[in-house]
Amino acid sequence: MAAGETQLYAKVFNKLRGRSVPSLLEPLLGMGFPAHTALKALAATGRKTVEEASDWLHSHCNDPSLDDPIPQEYALFLCPTGSLLEKLQEFWRESKRQCAKNRAHEVFPHITLCDFFTCEDQKVECLYEALKRAGDRVLGTFPAAVPLVLHSSISYLGFFVSDGPADIIREFAVMFASEASSLADCTVKPCTKQLHLTLAHKFYPHHQRTLEQLARAIPPGHSCQWTAALYSRDMRFVHYQTLRVLYQYNPQNVDELMLSPGDHIFVDPTQQEEASEGWVIGTSQRTGCRGFLPENYTERVSECDTWVKHRTYTFSLAADLSSRKDGEASGRRNGEPHPPPTSWSVCSLQSLQATAARKSILVVRHGERLDQIFGKSWLQQCSTLDGRYYRPDLNFPRSLPRRSCGIKDFENDPPLSSCGIFQSRMAGEALLDSGISVTCVFTSPALRCVQTAKHILEELKLEKKIKIRVEPGIFEWTKWEAGKNTPTLMTLEELKEANFNVSMDYRPAFPLASLLPAESYQDFVHRCAVSMGQIVGACPQDAGVTLIVGHGSALDSCTRPLLQLPPRDCADFAQLVRKVPSLGMCFCEENKEEGKWELVNPPVKMLTHGSNSGFNWRSWTQGN
């Protein structure tokens, strides 16, 4: 830790001599842990059990900041429970699905009672006593119901607390601040302004009406038990990005982090100069160690997922007073449960199905791409110093289409390999033999997808009859794309000039410019679902097959909305997509008797083949 930081945090750290030893501390001292690190472990785990604190200390044995006097930051929130909480969580899910993520989704539903403040590790028990005393003093006057009034503006939507109940709640916050100052020597700033429960913040203006409609489904006068909850966070990582690990990773080098599923990693986006493409530098919450890690092994989550719930005080006259005074020790981080996966609304699915009546949809992954075989440096292998393309291997195509900015734009938008072209043609030939009638074709804007669609149509003898409609909404999850920016994709004009029969009249659900780098999983599945509604509505109503050429992810994200299935868990989705081969297919067909869509066998067989490694005859002869 830097000297300046040490001096800053040393101001709130006192010697432990002469202080009483809480019961949880004694066993840790008996295990041989120093008092200051044992207290740090208890504070970091919410002072729940000796086992949790002991596990934390063992995990942090290599933490370079273990001995630094860095306190936790604490804050007090008033949180709804019961049916009101369920309604609010439903609003959270639907607003994410219909209007994408906004600032309010970063934290669970709550009313802020005080700003974050620091407390020395050895005085945390005093905060619990402060919470109990403040709660007891207002218990008799705390309102049985907290009336909420909906307020909406161009960038904010939320409930304001009515004046009478708000005065009592503010009085409770002031009492807690006073008790915390007296007992724990903390400077706490209680909330004295308008109390509010935020529903949405910093959203797109055109989403305001939709958000208001969703908010009106929440009963504001609903009776509910309110709970004051004391949370803590690591003050060093407040403005960092928070990642959750999806897969196990064993470090290959000494400067890499060991990853276990469920770990949280703190990443400072301003300090990534040393990280190579596809990697980030982060600090593990579980171990305190810092190192490199593969970014595609993680997903972006909210900071509050790493917060620790310490104690709660529930305002309920019917509850047992002694249990309330002692406070509720929760064994979960971020006491609010993680919301279940986003679900599609019934009405939107019924509308989607009605529009798609008597249609079949064939979703196909593109053929083999060049970088899949020749790695990230494929472009350097086939370009001269003056930027001209040449063919270093037979699996490179004979030529590349012309792009306005030259050959460099292919780096993150690679074309099909020669084998990929062959795969696409074989699939098209098989579809012709199957006798199916393709009536519409949609593709992702990625060049490899447009090429795959073109070669399939050529084998179907439909390349001049059916125009390819480019739909950016079914493009790959941008978090998986290399680099920090969305890849530069070919425009419709460039595709047309390169002899791709693309439609210049089709208006996509999502323009190319709307694709944002590193989007969340929820934003990605929402984008695909909306695009599917556009696709099925853009085709004729008679029988026929709509061909969609996309990425491996499309086989899941473009079919589940039709099948009335919610999105998969993100980790399951990532594992499934890895198994999709080139020209993998999913076929959705209408069940006329039951009025629904079903997954059935694709109209053609799969293409399976082995790999063929590179060969250098000169090296081979010298080696023999």
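**Figure 1. Surroundings of His551 in the predicted model.** Apart from residues within four places of it in sequence, His551 contacts Arg365, His366, Ser444, Ala446, Arg448, Cys449, Ile474, Phe475 and Glu476. One of these residues, Ser444, is also a polar partner: the side chains of His551 and Ser444 make a polar contact of 2.8 Å. His551 belongs to the loop that lies between strand β17 (545-550) and helix α17 (554-557). Its relative accessibility is 1%, and His551 therefore counts as buried, the cut-off being under 20%.

**Figure 2. Tyr506 in the loop between α15 and α16.** The loop that holds Tyr506 lies between α15 (492-497) and α16 (521-538). With neighbours within four places in sequence left aside, Tyr506 is in contact with Phe442, Arg469, Val470, Glu471, Gln534, Ile535 and Ala538. A polar contact of 2.6 Å links the side chain of Tyr506 to that of Glu471. Tyr506 and Ile468 are 38 residues apart along the chain, and their C-alpha atoms are separated by 9.3 Å. Tyr506 has a relative accessibility of 13% and so counts as buried.

**Figure 3. Side-chain to backbone approach of Gln272.** Gln272 is located in the loop between strands β9 (264-267) and β10 (279-284). From this loop, the side chain of Gln272 reaches the backbone nitrogen of Ile281 at 2.7 Å. The C-alpha atoms of Gln272 and Phe292 are 9.8 Å apart in space, while the two residues are 20 apart in sequence. Gln272 is buried because its relative accessible area is 9%, and the threshold for that class is under 20%.

**Figure 4. Packing of helices α3 and α4.** Two packed helices are described by the angle between their axes and by the distance between those axes. For α3 (residues 35-44) and α4 (residues 50-59), the angle is about 115 degrees and the axes are 8 Å apart. The two helices are therefore roughly perpendicular to each other, since that description covers angles of 65 to 115 degrees. The crossing in which α3 passes α4 is right-handed. On the α3 side, the contact involves Thr37, Ala38, Lys40, Ala41, Leu42 and Ala44, which meet Ala53, Trp56 and Leu57 of α4. By class, the residues in this contact of α3 with α4 are seven nonpolar, one polar and one charged.

**Figure 5. Arg47 in the loop between α3 and α4.** The loop between α3 and α4 contains Arg47. The phi angle of Arg47 is near 50 degrees, a positive value in a residue other than glycine. Arg47 counts as buried because its relative accessibility is 1%.

**Figure 6. Lys202 in the loop between β6 and α8.** Lys202 lies in the loop between strand β6 (196-201) and helix α8 (208-215). Phi of Lys202 is near 60 degrees, and this value is positive in a residue other than glycine.

**Figure 7. The protein chain from which the close-up views are taken.** The protein chain contains 19 helices and 19 strands. Of its 624 residues, 51% count as buried. Among contacts between residues at least 6 apart in sequence, 76% join residues at least 24 apart.

Notes
Residues are numbered from 1 along each chain as its sequence is written. This is a predicted model: local features need pLDDT of at least 70, side-chain atom pairs count only at pLDDT 80 or more; totals for chains, interfaces and linings use all residues. Side-chain values use heavy atoms; hydrogens and water are left out. Helices (H or I, at least four residues) and strands (E, at least two) are DSSP runs, numbered from the N terminus. Buried means under 20% relative accessible area, exposed over 50%, partly exposed in between (1.4 Å probe, protein chains only). A polar contact is a pair of N or O atoms within 3.5 Å; within protein, one must be able to donate a hydrogen and the other to accept it, and residues adjacent in sequence count only if both atoms are side-chain atoms. Axes are lines fitted to C-alpha atoms, for helices over the stretch in contact, and angles run from 0 to 180 degrees between N-to-C directions. Angles under 35 degrees count as roughly parallel, over 145 as roughly antiparallel, 65 to 115 as roughly perpendicular and the rest as oblique. A crossing is left-handed if the near helix is turned anticlockwise from the far one by less than a right angle, and right-handed if clockwise. Contact means heavy atoms within 4.5 Å. Ala, Val, Leu, Ile, Met, Phe, Trp, Tyr, Cys and Pro count as nonpolar, Asp, Glu, Lys and Arg as charged, and the others, Gly among them, as polar.
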